Amino acid sequence: MINSIDSEYSLIGSLMRMAENRPITELYQHVSKVDDTDFSDSLCRVIYRFIKMSVMNEKPFDELTLHEQILNSYEAPDIKISDIGKFSMLQTSFAAIESHVEKVRDLSKIGRAHV
């Protein structure tokens, strides 16, 4: 499957940075365009699923709250807070978030076409 881990990491990192200083409702326009199934990396897929749930429910999030939600779900009990933290440490900018959204979606469509 064709994928771009860099784009997936950048999208999650951008969303996490936006959540630090933007209203949660502002993230909706981005998460509404991407599904967790668009991610090829399983770690990205799980973390994004919980980011999207938080945004859709208008609940603020950070790496600690995401980690607690994931652990409480029993979906991925082996994910550590440091796994989530590495995304928020990325030097991404939310100014380019729309290009990350498009790239993740486009690469997902290409990957599905080759299955």
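What follows is a short walk through the helices, aromatic pairs and a few single residues of one predicted model.

Let me begin with the overall fold, keeping in mind throughout that these values are computed from a prediction. The protein has 6 helices and 0 strands, so that, reading from the N terminus, the elements run α-α-α-α-α-α. Of its 115 residues, 43% count as buried. If we take the contacts with a separation of 6 or more, 71% of them are accounted for by residues 24 or more positions apart.

I would like to turn next to a pair of packed helices. In general, two packed helices are described by the angle between their axes and the distance between the axes. Here helix α3, residues 42–56, packs with helix α4, residues 63–73, at an angle of about 110 degrees, and the two axes are 10 Å apart. Since angles from 65 to 115 degrees count as roughly perpendicular, that is the description that applies to α3 and α4. On the α3 side the contact is formed by V46, I47, F50, I51 and S54, which meet L66, Q69, I70 and S73 of α4. Sorted by class, this contact of α3 with α4 holds 6 nonpolar residues and 3 polar ones, with no charged residues.

The loop between these two helices, α3 and α4, contains E58, and its backbone deserves a comment. Phi of E58 is near 55 degrees, which is a positive value in a residue other than glycine. With a relative accessible area of 53%, E58 is exposed, the threshold for that label being over 50%.

Now to helix α5, and to the question of which of its residues are buried. They are I84, G85, F87 and S88. Viewed down the axis of α5, these buried residues fall within an arc of 150 degrees, and they therefore line one face of the helix. As for what they pack against, the partners of the buried residues of α5 are α1, α3 and α4.

One of those residues, F87, brings us to the aromatic rings, where the count comes to 2 pairs. In the pair of Y9 and F87, the ring centres are 4.6 Å apart and the planes stand at 55 degrees, so the pair is tilted. This pair links distant parts of the chain, since Y9 belongs to helix α1, residues 5–21, and F87 to helix α5, residues 81–88, with their positions 78 residues apart. F87 has 0% relative accessibility and counts as buried.

How are the rings of F39 and Y48 arranged? Their centres lie 4.7 Å apart and their planes are at 35 degrees, so this pair, too, is tilted, given that only planes under 30 degrees apart would count as stacked. F39 is buried, at a relative accessible area of 2%, and Y48 is buried as well, at 0%.

I will finish with S108, a residue of helix α6, which spans residues 97–113. Is S108 buried or exposed? Its relative accessible area is 3%, so S108 is buried, because anything under 20% falls in that class. Once its neighbours within four places in sequence are left aside, S108 is in contact with T37 and D38.

Notes: Residues are numbered from 1 along each chain as its sequence is written. This is a predicted model: local features need pLDDT of at least 70, side-chain atom pairs count only at pLDDT 80 or more; totals for chains, interfaces and linings use all residues. Side-chain values use heavy atoms; hydrogens and water are left out. Axes are lines fitted to C-alpha atoms, for helices over the stretch in contact, and angles run from 0 to 180 degrees between N-to-C directions. Helices (H or I, at least four residues) and strands (E, at least two) are DSSP runs, numbered from the N terminus. Angles under 35 degrees count as roughly parallel, over 145 as roughly antiparallel, 65 to 115 as roughly perpendicular and the rest as oblique. Contact means heavy atoms within 4.5 Å. Ala, Val, Leu, Ile, Met, Phe, Trp, Tyr, Cys and Pro count as nonpolar, Asp, Glu, Lys and Arg as charged, and the others, Gly among them, as polar. Buried means under 20% relative accessible area, exposed over 50%, partly exposed in between (1.4 Å probe, protein chains only). Rings of Phe, Tyr and Trp (its six-membered ring) pair if their centres lie within 6.5 Å; planes under 30 degrees apart count as stacked, over 60 as edge-to-face and the rest as tilted. The arc is that of the directions from the helix axis to the C-beta atoms.
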